[in-house]
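Visitor: Please take a close look at one single part of this molecule, the surroundings of one side chain of your choice, and then explain how they connect to the rest of the chain.

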Amino acid sequence: KKYGSDAGNNSVLNTTPPSVEKIQFSTSKGSMSVSPKGPAPEDMQQFNDRINALAEDTSKIIVSGCKANPSLARIKKNDTTVFQNGGPEDATVVFNGKQIIIPFRGAEKVTMDFLMPGIHGFGCSLIESTPIGFILITE
């Protein structure tokens with residue numbers, strides 16, 4: 001089942017500094033680059049199709065600094081996802097107004113009950129909001 005993009009006002013794409021030209025995302029299935037402003041309206045279907053094709057089914061996202069693995073994740077609504085810190089210090093994950101602090105060598109379990117089905121960008125800072133990945137929430 002395919003879902004549309006959440007590129008509205010809550011998207012981290014809309015608050016990315018204009019100095020960033022393209023953001024690269026890779027999974028074991030391939031890679032894609034995205035403009036920080038998000039896809040143009042005429043490119044929305046291609047954007048959705050590409051994320052649907054590349055997103056990895058997972059229940060764990062490893063955050064190391066401002067990098068996520070996988071950076072394109074497919075998670076069912078209401079499932080619990082583990083955000084694991086793979087870096088040398090505390091890590092932060094921010095999406096849709098929710099901030100999660102992951103302690104050094106720690107992990108945080110998050111139930112995906114606050115995200116609507118669709119594509120949601122996530123970042124690593126409330127100040128610098130360049131997305132480090134996307135979560136595709138499915139029903």
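Guide: For this close look, two residues count as being in contact when heavy atoms of theirs lie within 4.5 Å. The model is a predicted one, and the part chosen here is the surroundings of Phe83. With neighbours within four places in sequence left aside, Phe83 is in contact with Ile61, Val63, Val93, Phe95, Ile100, Ile102, Gly106, Ala107, Glu108, Val110, Met112 and Ile135.

Several of these partners return when one turns to the nonpolar core. The largest one has 19 residues, and those that touch the most other members are Ile61, Phe83, Val93, Phe95, Met112, Phe122 and Ile135. Two or more residues of this core come from each of the elements β4, β6, β8 (91-95), β9 (98-102) and β12, and β8 gives the most, namely three residues. Another core, of twelve residues, lies apart from that one and includes Val34, Ile51, Leu54 and Ala55. As a general background, nonpolar side chains in soluble globular proteins tend to be buried together.

The strands around this part can be followed through one of the sheets. It is open, it is formed by four strands in the order β5-β4-β7-β10, and its pairing is mixed. At its edges are β5 (67-69) and β10 (107-111), each of which pairs on one side only, while neighbouring strands are turned against each other by 25° on average, with direction ignored. The pairing between β4, which spans residues 60-64, and β5 is antiparallel and runs over three bridges; Val63, already met as a contact of Phe83, has Ala68 in β5 as its bridge partner.

Strand β7 covers residues 80-85 and contains Thr81, which deserves a short detour. Thr81 counts as buried because its relative accessibility is 0%, and the cut-off for that class is under 20%. Beyond its neighbours within four places in sequence, Thr81 is in contact with Ser59, Lys60, Ile61, Ile75, Glu108, Lys109, Val110 and Met112. Comparing the two lists, one finds Ile61, Glu108, Val110 and Met112 among the contacts of Thr81 and also among those of Phe83.

A second open sheet, likewise of four strands and with mixed pairing, has the order β3-β6-β12-β11. Its edge strands are β3 (56-57) and β11 (118-122), and each of them pairs on one side only. Between β11 and β12, the latter made of residues 133-138, the pairing is antiparallel over five bridges, and Gly118 has Ile137 in β12 as its bridge partner. Helix α1, residues 44-54, packs on this sheet and touches β3, β6 (72-76), β11 and β12, with its direction at about 85° to that of β12. The buried residues of α1 are Phe47, Asn48, Ile51, Asn52 and Leu54, and the elements that cover them include β1 (23-27), β2 (30-34), β3, β6, β11 and β12.

The aromatic rings add further links, and the structure holds four aromatic pairs. One of them, Phe47 with Phe134, is edge-to-face, with 5.8 Å from centre to centre and 80° between the planes; it joins distant parts of the chain, since Phe47 belongs to helix α1 and Phe134 to strand β12, 87 residues apart. Phe47 and Phe134 are both buried. Phe95 and Phe122 make another edge-to-face pair, at 6.3 Å centre to centre and 70° between the planes, and this pair too links distant parts of the chain, with Phe95 in strand β8 and Phe122 in strand β11, 27 residues apart. Phe95 and Phe122 are buried as well, and Phe95 brings the account back to the contacts of Phe83. In addition, Phe25, Phe47 and Phe134 form one aromatic cluster.

Seen from further back, the protein chain has one helix and twelve strands, which follow one another in the pattern β-β-α-β-β-β-β-β-β-β-β-β-β. Of its 139 residues, 44% count as buried. Among the contacts with a separation of 6 or more, 51% are between residues 24 or more positions apart. The accessible surface of the protein chain is about 7300 Å², with 47% of it belonging to carbon and sulfur atoms.

Note on methods:
Residues numbered from 1 in each chain as written. Heavy atoms only, no water. Pairing = 2+ DSSP bridges. Axes fitted to C-alpha atoms, helices over the stretch in contact; angles between N-to-C directions. Core = buried A, V, L, I, M, F, W, Y, C linked by side-chain atoms within 4.5 Å. Buried < 20%, exposed > 50% of the residue type's maximum accessible area, 1.4 Å probe, protein only. Phe/Tyr/Trp six-rings, centres within 6.5 Å; stacked < 30°, edge-to-face > 60°. Areas by Shrake-Rupley, 256 points an atom, 1.4 Å probe, with all protein chains shown as cover.
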